[in-house]
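Visitor: Could you take me in for a close look at one spot in this model, then walk me outward from there? I'm in my first year, so please go step by step.

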Amino acid sequence: MQIRELSIPDSYEITPKQFGDDRGVFLEWYRFDKLEEVVGHSIDLKQANTSVSKRGSVRGIHFADIPPSQAKYVTAPHGAVLDFVIDIRVGSPTYGQWDSVLLDDVDRRAIYIAEGLGHCFVALTENATVSYLVTDTFNPGREHGINPLDPEIGLEFGIDLSEALLSPKDTEAPSLAEAAASGLLPSWEAARAYYETLNAKG
């Protein structure tokens, strides 16, 4: 597989090598050792999630308190989504910026998003299926959101916003500025310190 760091530090695009024949296709969609080489530590997976979404569905921007937060390894086994990583770490050189990866059942890419980063995706097809491995179990008291339509962030969904389907939880979430003012966001320093503790464990 090929692993490329995105423009947001601590996030990566993973492109697997696919082996096809008249029976179908085989690929390795996750390799802990290959990811460890670029991240600096092994990923301690605790939970696996799957969502199935109608075309135009937007999920996010979601993040969790750090430590321990929740790193994510995301792929789309069916259909296509545009997956976003948003830097919400106050003090980061790329704070407020984002990058995206097309996840689909053609190239079968994945994206790795480190702890403390924001995550969002939009479904580009009907029944778009997203599966993701995470490093901590769901903890509602530590989970937070930012409004995905925040113009300060300016996510480009690739669909007409009139087609977008969002949950009340996401549309009622604060803007990036509001989240920062309320002290909700992780800091760059706290994130880097936590990554160092993980690297020290190997």
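**A buried histidine and what lies around it**

Guide: Let's start with His41, which is buried: its relative accessible area is 4%, and the cut-off for buried is under 20%. Keep in mind as we go that this is a predicted model.

Where does His41 sit along the chain? Look in the loop between α1 and β5. Now for its company. Leaving aside residues up to four places away in sequence, His41 touches Glu36, Tyr112, Tyr195, Leu198, Asn199 and Gly202. With Asn199 there is also a polar contact, side chain to side chain, at 2.7 Å.

Follow the chain back from that loop and you reach helix α1, so let's see what the helix rests on. There is an open sheet of 6 strands, with antiparallel pairing, and its order is β1-β2-β10-β7-β12-β5. At the edges you'll find β1 (residues 2-5) and β5 (residues 47-53), each pairing on one side only. On average, neighbouring strands in this sheet are turned by 20° against each other, ignoring direction. Helix α1, residues 32-39, packs on this sheet and touches β1, β2, β7 and β10. Its direction makes about 30° with that of β1. If you're wondering what holds such strands side by side in general, strands of a sheet pair through backbone hydrogen bonds.

Let's zoom in on two of the pairings. β1 and β2 run antiparallel and are joined by 4 bridges; Ile3, for instance, has Ile14 in β2 as its bridge partner. The hairpin they make has 5 residues between the strands, and there Asp10 takes a positive phi near 75°. Elsewhere in the sheet, β7 (residues 72-78) pairs with β12 (residues 128-134), again antiparallel, over 5 bridges. Lys72 finds its bridge partner in Val134 of β12.

β7 leads us to the aromatic rings. Rings pair if their centres lie within 6.5 Å, and by this rule the count is 5 aromatic pairs. One of them is Trp29 with Tyr73: the centres are 6.1 Å apart and the planes meet at 45°, so the pair counts as tilted. Trp29 is in the loop between β4 and α1 while Tyr73 is in strand β7, so this pair ties together parts that are 44 residues apart in sequence. Are the two partners buried or exposed? Trp29 is partly exposed, at 35% relative accessibility, whereas Tyr73 is buried at 3%. Add Tyr30 to Trp29 and Tyr73 and you have one aromatic cluster.

Phe84 and Phe157 make another aromatic pair, and this one is edge-to-face, with 5.6 Å from centre to centre and 80° between the planes. Phe84 belongs to strand β8 and Phe157 to the loop between β13 and α2, so here the tie spans 73 residues in sequence. Phe84 and Phe157 are both buried. There's a ring with a charge over it, too: the charged end of Arg192 sits over the ring of Trp188, 4.6 Å from its centre.

Last stop: some backbone details to look for. The peptide bond joining Gly60 and Ile61 is cis, with omega about 10°, and Ile61 is in strand β6. Another cis bond runs from Ile66 to Pro67, with omega near -10°; Pro67 lies in the loop between β6 and β7. That loop also holds Ser69, which has a positive phi of about 55° although it isn't a glycine. With a relative accessible area of 4%, Ser69 is buried. Arg108 has a positive phi as well, near 55°, and is not a glycine either. You'll spot Arg108 in the loop between β9 and β10, where it counts as partly exposed because its relative accessible area is 22%.

Methods
Residues are numbered from 1 along each chain as its sequence is written. This is a predicted model: local features need pLDDT of at least 70, side-chain atom pairs count only at pLDDT 80 or more; totals for chains, interfaces and linings use all residues. Side-chain values use heavy atoms; hydrogens and water are left out. Two strands pair if DSSP finds at least two bridges between them. Helices (H or I, at least four residues) and strands (E, at least two) are DSSP runs, numbered from the N terminus. Axes are lines fitted to C-alpha atoms, for helices over the stretch in contact, and angles run from 0 to 180 degrees between N-to-C directions. Contact means heavy atoms within 4.5 Å. Buried means under 20% relative accessible area, exposed over 50%, partly exposed in between (1.4 Å probe, protein chains only). A polar contact is a pair of N or O atoms within 3.5 Å; within protein, one must be able to donate a hydrogen and the other to accept it, and residues adjacent in sequence count only if both atoms are side-chain atoms. Rings of Phe, Tyr and Trp (its six-membered ring) pair if their centres lie within 6.5 Å; planes under 30 degrees apart count as stacked, over 60 as edge-to-face and the rest as tilted. A charge sits over a ring if NZ of Lys or CZ of Arg is within 6 Å of the ring centre and within 35 degrees of the ring normal.
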